[in-house]
Amino acid sequence: MQHTDLSSKHTAVIAELRILLIDENRQRAESLTSALNNSRYKISHLASPNISLLKQVDEIQPDIIVIDIESPSRDILESVSTLSNYNPKPVVMFSADQNTDTINQYIESGVSAYVVGDIQSERVKPILDAAVARFKAFQKLKVELSDTKQQLVSRNLIDQAKRLLMKKKNLSEDNAFKAMRKTAMDTGQKLEDVAKTLISLLNTI
């Protein structure tokens, strides 16, 4: 049984990651494909930079996007930014454009790794590994930030409802909170939802 568990864990670790490669140079694409032989990364689709990136991602649903292009266009920048907001995925860009503003724009738009110049084949996999790790860390940070914001909103609503109960019903802070908590338990609602209802009702009194 222990051997089966270990095998399952091992399988999860080496799970294949499908790549959408955007590259107009087929020879360069073949070189990149060769560099990823015997790795967990598999190029599942090759597309031209002239084809809509958003459409390609929607149709193929890749795990990673790799863009290998001499000079990134404004369309690609906007597409990467849109993906980052609505369908985030690790994006690696290989480019000859070493302009600082261009690099900053792409990093801000959601590119996980922007690599300038010719890339030796042995460096490709480590670059993808780092990009995937950076992407996962950033997504985790976004979730934590979103949770923190939601907790703050919830706390503010509860405090506002509690103050209204204290004022309108002449309750102590402790009794006001207990009343809200009891209502939440009796109705099977979240405390935040009870607070919203109370604020709406008490503000009309």
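In the predicted model, the axes of helix H3 (residues 53-60) and helix H4 (residues 74-86) come within 9 Å and cross at roughly 40 degrees. This crossing makes H3 oblique to H4, since angles under 35 degrees would count as roughly parallel and those of 65 to 115 as roughly perpendicular. On the H3 side, the residues that take part in the meeting are Leu 53, Leu 54 and Val 57. Their counterparts in H4 are Ser 79, Val 80, Thr 82 and Leu 83.

Helix H6 (residues 121-168) has 48 residues. From its first C-alpha to its last, H6 reaches 71 Å, which is close to the 70 Å expected at 1.5 Å a residue. Just after H6, Asn 170 adopts a positive phi of about 55 degrees.

Charged side chains were examined next. Nine salt bridges are counted in the model. One of them joins Arg 28 to Asp 68, with the closest N and O atoms 3.6 Å apart. Arg 28 belongs to helix H2 (residues 26-35) and Asp 68 to strand E3 (residues 64-69), so this salt bridge ties together parts that are 40 residues apart in sequence. The pair is also part of a network of salt bridges in which Asp 23, Arg 28 and Asp 68 are linked.

The surroundings of Asp 68 in strand E3 were considered in further detail. With a relative accessible area of 10%, Asp 68 is buried, because the category covers values under 20%. Apart from residues up to four places away in sequence, Asp 68 touches Leu 21, Ile 22, Asp 23, Arg 28 and Phe 94. Asp 23 and Arg 28, listed among these contacts, are the residues linked with Asp 68 in the salt-bridge network.

A further salt bridge is formed by the side chains of Glu 173 and Lys 162, at 3.1 Å from N to O. This pair links distant parts of the chain, eleven residues apart, with Glu 173 in helix H7 (residues 173-187) and Lys 162 in helix H6. The two partners fall into separate accessibility classes: Glu 173 is partly exposed, at a relative accessible area of 45%, whereas Lys 162 counts as buried at 12%.

The salt bridge between Lys 196 and Glu 192, in turn, has its closest N and O atoms 3.7 Å apart. Both residues lie in helix H8 (residues 191-202), where they are four residues apart and therefore separated by about one helical turn. In general, an α-helix has 3.6 residues a turn, so residues three or four places apart point the same way. Lys 196 is partly exposed, with a relative accessible area of 42%, while Glu 192 is buried, with a value of 14%.

Aromatic side chains contribute one pair to the structure. The ring centres of Tyr 106 and Tyr 114 are 6.1 Å apart and the ring planes stand at 50 degrees, so the pair is tilted. This assignment follows because planes under 30 degrees apart would count as stacked and those over 60 as edge-to-face. Tyr 106 and Tyr 114 are both buried.

Terms used
Residues numbered from 1 in each chain as written. Predicted model: local features only at pLDDT ≥ 70, side-chain atom pairs only at ≥ 80, totals over all residues. Heavy atoms only, no water. Salt bridge = Lys/Arg side-chain N within 4 Å of Asp/Glu carboxyl O. Helix = DSSP H or I, 4+ residues; strand = E, 2+ residues; numbered from the N terminus. Buried < 20%, exposed > 50% of the residue type's maximum accessible area, 1.4 Å probe, protein only. Expected span 1.5 Å × (residues − 1). Phe/Tyr/Trp six-rings, centres within 6.5 Å; stacked < 30°, edge-to-face > 60°. Contact = heavy atoms within 4.5 Å. Axes fitted to C-alpha atoms, helices over the stretch in contact; angles between N-to-C directions. Parallel < 35°, antiparallel > 145°, perpendicular 65-115°, else oblique.
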